[in-house]
Amino acid sequence: MSATMHLLRTDWFGLLVAFAVGAVALGLAQPSFLSTYNLYVMLTAFSLSILIALSQMVIVAIGQLNLSVGAIGGLAAITFAGVMEVWSVPIPVAILIGLLVGVAGGTLNGVVTHVTGLNAFVVTLATLAIFKGTNIGITEAQPFYEIPDAVKSFGNARFGFFPYLLFVSGAIGIAVWVFMRRSVLGRQLLAVGGNLNAAKLSGIPVGRVVVAAHVLSGMLAAVAGMLAVARLQLGQPTIGDDWLIISFAAPVIGGAVLAGGHVSVAGTVLGVAIIMLINNALVLLNVDPYAVQLVLGALILAAVALSRFREPA
Amino acid sequence: MTAKLVITGASKAFPGVQALDDVSLTLEAGSIHALLGENGAGKSTLIKIITGVHRPDSGTVLLDGEPMQFFGPHDALAHGISAVHQERNLIPRFSVAENIMLERLPTRAGLVDYGEVREAARRFMAPLGLEIDPDIPVRNLSVARMQLVEIAKALSLDARLLVLDEPTASITPHETETLFRLLRELRDKGVAILFVSHKLDEVFELCDSVTVLRDGRNACASRSLNGLDRSDVVRLMIGRDETAVRRTERTATGEPVLALRDVATDLGHRNIDLEVRAGEIVGLYGLVGAGRTELAKAVIGAAKVTSGEVQVGGRSARIDSVATALSRYRIGYVSEDRKHEGLILMHSVRRNVAVTVWRRIARALGWLPDRAERDAVTPYIERLQVRTPSLAQPVSLLSGGNQQKVSVAKWLAAQVRVLIVDEPTVGIDIQTKVYLHELIHELAASGTAILLISSDMPEMISLADRIVVMADFEVVGELDNTRDAADMSEAIMARIHKVAEVA
């Protein structure tokens, strides 16, 4: 097979072309798109969304869905901010506690899903309510304002138009890519998603793999939540409320098979990039902000329809 | 009179495979036409063209003399073509009657009239001798019954062209007889029937004419079966003579590697005693539903052993999961259902084989380089002569025989000490079958303890050293294999029927 053919058949190449064409078109139509400030703002949102999308992607890999991605992220965010404000916990310890919230949330999702055999959709719908309820119970819907300056300045810091946040999520993105491609656990996730019975009969400890996927998902959501705190400069209880759509849209646009067994980290990241681009275009071209959701919805449908053609019957 | 269906010069390509290349077939009304060929020869593709699932890239299809172009299975149905596919196409939670009548549920005042659904379904079940309650959900039926429901459904459509793809694969000889009687009646009423089977005896018993495919081309097109004999047909299918393998009796003297002592399981097995020695092939024979696959699952930890003792290598073993069976006791299981239990179809050949050894070949921190996988997999892919363009090829694009080789290769790669092989050659072409038999034999010769589950009596007699007979989740006899087909099958059936009579 020629190199070109090979490129065309990857999940990411078409997306990269689409993104490049879109970016050039937008840059020509609206030069303010290329202003340093606009790029910085866009990349900041991009940084968070990558983690949100990857958090969902690892669950899609095992053929499940996680509705509680945003709720875990939100709970981790307010815990991270809360322990720093109320108990003056040092930042590294607060990060660790935030991560533990993600681990705990993921463990709960994974263990309940595996032990009860219930559909993850139902389980995470329930835990979504539990996590969100805990969040509101702790914060009484009021933000934590006293965020250490180091966290705030990290959230604002940039290198040219690259926000520091992007370095964090970029590094994590690469780690997840390596994990899915080249680690035993990553392979096992895809095997379980590809054919649960075959995976089980091949000696893969399915229960452990399912729990591991949920723990990883929880941790990624928690990191996204903590980065959101740094970006917003406060521990806002509503962090995570609007993550659900993008968490599904990006992996699906990126070529993930919703039944499990196939995901693409590069595709997912490009999926996020395309969504960001469309968002930005609609803002720059002064389109009604409510139309953004509409376009996103249409994009998901188009991506799902497209993936039907790619999969062999 | 024009023929019912005339296909001329049909070709169809899929990514990386020319599935059909200039294939022709003429099917007359009022005849039963056999479509034969090894796995991967293109039979399924041809059937899918006839039933409107695929459209040919080139060539013509005439139905009753009219060129036809179907835009989907529904279209084909509307033209009086119905099919029983190899894969189950039933809705498990729906009742037998609903499944049969699904396409055209009778209604009264806009609501489904279940009384009429039952009545209508019974009309189509009766000729097949299918005497079951039409209200029970299909998922509670045995595989054989499901197959019959599927056939009843196809018949109910009152088709003028009926395609049957391996309809007898899972039904009993008695049910097969009933089916054949019915098919002959339909033929006499002018229905055109296309019959696909790996069982050549059935073909000669039932069919009038034959089309043989080999590597996507016609080895013969619509030839009368008169004047052909079995060896002619086999030669057409595989392109050379069939070589019968006669093995000599041998006795394994190794230590018992796997032993079951008075084992009961929560699936319903009772008092199971069984022993497999190193280098020995023990056959586990029984009718469909005798509990053989279930016993295998219990041994590998996928079902629970409730009492008795499982010993591996002479020591009591506690196998609570397949992972334990593989890593601690080195027991492997080649599933009878490679699509649902054996392989991850969308994944590559390399991953499918390496899945059992990932843990073993991984470096620190679970780091798994491609090269390690390739090195672990390649020798077995070569040894089994798996025909694939590359290790990266998705398994779903391989032929059935090559898929089966992949599902065996992964256990060879795992280097297991005990290998349970469940119906290794069902739906497999003759060449691959002979090859797999050779392989199982070699594995035993090199010291692997093999438990062979098979419903194929000649296969059992050709391969097994000892044959353990099961019926109704119990062991009902154990025989040394004399390799005399007639004697052995009589002895085995006697054991099975003794139990059946008592029950």
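Begin by selecting B:L258 together with B:V312: in β16(B), B:V312 is the bridge partner of B:L258. Please bear in mind throughout that this is a predicted model. The predictor assigns the complex an ipTM of 0.80 and a pTM of 0.75. For chain B, the mean pLDDT is 87, and 94% of its residues reach 70 or more.

**Stop 1: strand β13 of chain B and its two partners**

Extend the selection to the whole of β16(B), residues 305-312. Six bridges connect this strand to β13(B), and the pairing is antiparallel. Next, display β13(B) itself, residues 256-265, along with strand β14 of chain B, residues 272-277. These two strands also run antiparallel, joined by five bridges. At B:P256, look across to β14(B), where B:R277 stands opposite. Then follow the chain through the hairpin of β13(B) and β14(B), which places six residues between the strands. Select B:G268 there and inspect its backbone: the phi angle is positive, near 115°.

**Stop 2: an open sheet in chain B**

Which strands make up the open sheet, and in what order? Colour β2, β1, β4 and β5 of chain B: four strands in the order β2-β1-β4-β5, with antiparallel pairing. Now pick out β2 (17-27) and β5 (66-67) of chain B, which stand at the edges. Each has a single partner strand, so one side of each is left without a neighbour in the sheet. To examine one of these edges, select β4(B), residues 58-63, with β5(B); two bridges hold this antiparallel pair. Within it, B:L62 has B:P67 of β5(B) as its bridge partner.

**Stop 3: helix α4 of chain A against α11**

Move to chain A and select α4(A), residues 69-86, and α11(A), residues 206-232. Their axes lie 7 Å apart, and the helices pack at an angle of about 50°. That angle makes α4(A) oblique to α11(A). The crossing of α4(A) and α11(A) is right-handed. Show side chains where the helices meet: on α4(A), the contacting residues include A:G73, A:G74, A:A77 and A:A81, and on α11(A) they include A:G218, A:A221, A:G225 and A:M226. By class, this contact of α4(A) with α11(A) comprises 12 nonpolar and five polar residues, with no charged residues.

**Stop 4: helix α4 of chain A against α5**

Keep α4(A) selected and add α5(A), residues 91-116. The axes of α4(A) and α5(A) come within 9 Å and cross at roughly 150°. How is α4(A) oriented relative to α5(A)? The crossing angle makes α4(A) roughly antiparallel to α5(A). This crossing, too, is right-handed. Among the residues of α4(A) that meet α5(A) are A:L75, A:T79, A:V83 and A:M84, while α5(A) contributes A:I91, A:A94, A:V101 and A:G105, among others. The contact of α4(A) with α5(A) has 11 nonpolar, four polar and no charged residues.

**Stop 5: where chain B touches chain A**

Finally, display both chains and select the residues in contact between them: 29 from chain B and 19 from chain A. On the chain B side, highlight α10 (322-327), α11 (338-342) and α13 (358-361), each of which supplies at least two residues. Which of the elements gives the most to this side of chain B? That element is α10(B), with five residues. Colouring by class shows 16 nonpolar, nine polar and four charged residues on the side of chain B that touches chain A.

Methods:
Residues are numbered from 1 along each chain as its sequence is written. Chains are lettered from A and ligands numbered from 1 in the order in which they are written. This is a predicted model: local features need pLDDT of at least 70, side-chain atom pairs count only at pLDDT 80 or more; totals for chains, interfaces and linings use all residues. Two strands pair if DSSP finds at least two bridges between them. Axes are lines fitted to C-alpha atoms, for helices over the stretch in contact, and angles run from 0 to 180 degrees between N-to-C directions. Angles under 35 degrees count as roughly parallel, over 145 as roughly antiparallel, 65 to 115 as roughly perpendicular and the rest as oblique. A crossing is left-handed if the near helix is turned anticlockwise from the far one by less than a right angle, and right-handed if clockwise. Two residues are in contact if their C-beta atoms, placed from the backbone, lie within 7 Å. Ala, Val, Leu, Ile, Met, Phe, Trp, Tyr, Cys and Pro count as nonpolar, Asp, Glu, Lys and Arg as charged, and the others, Gly among them, as polar. pLDDT is the predictor's confidence in each residue, from 0 to 100.
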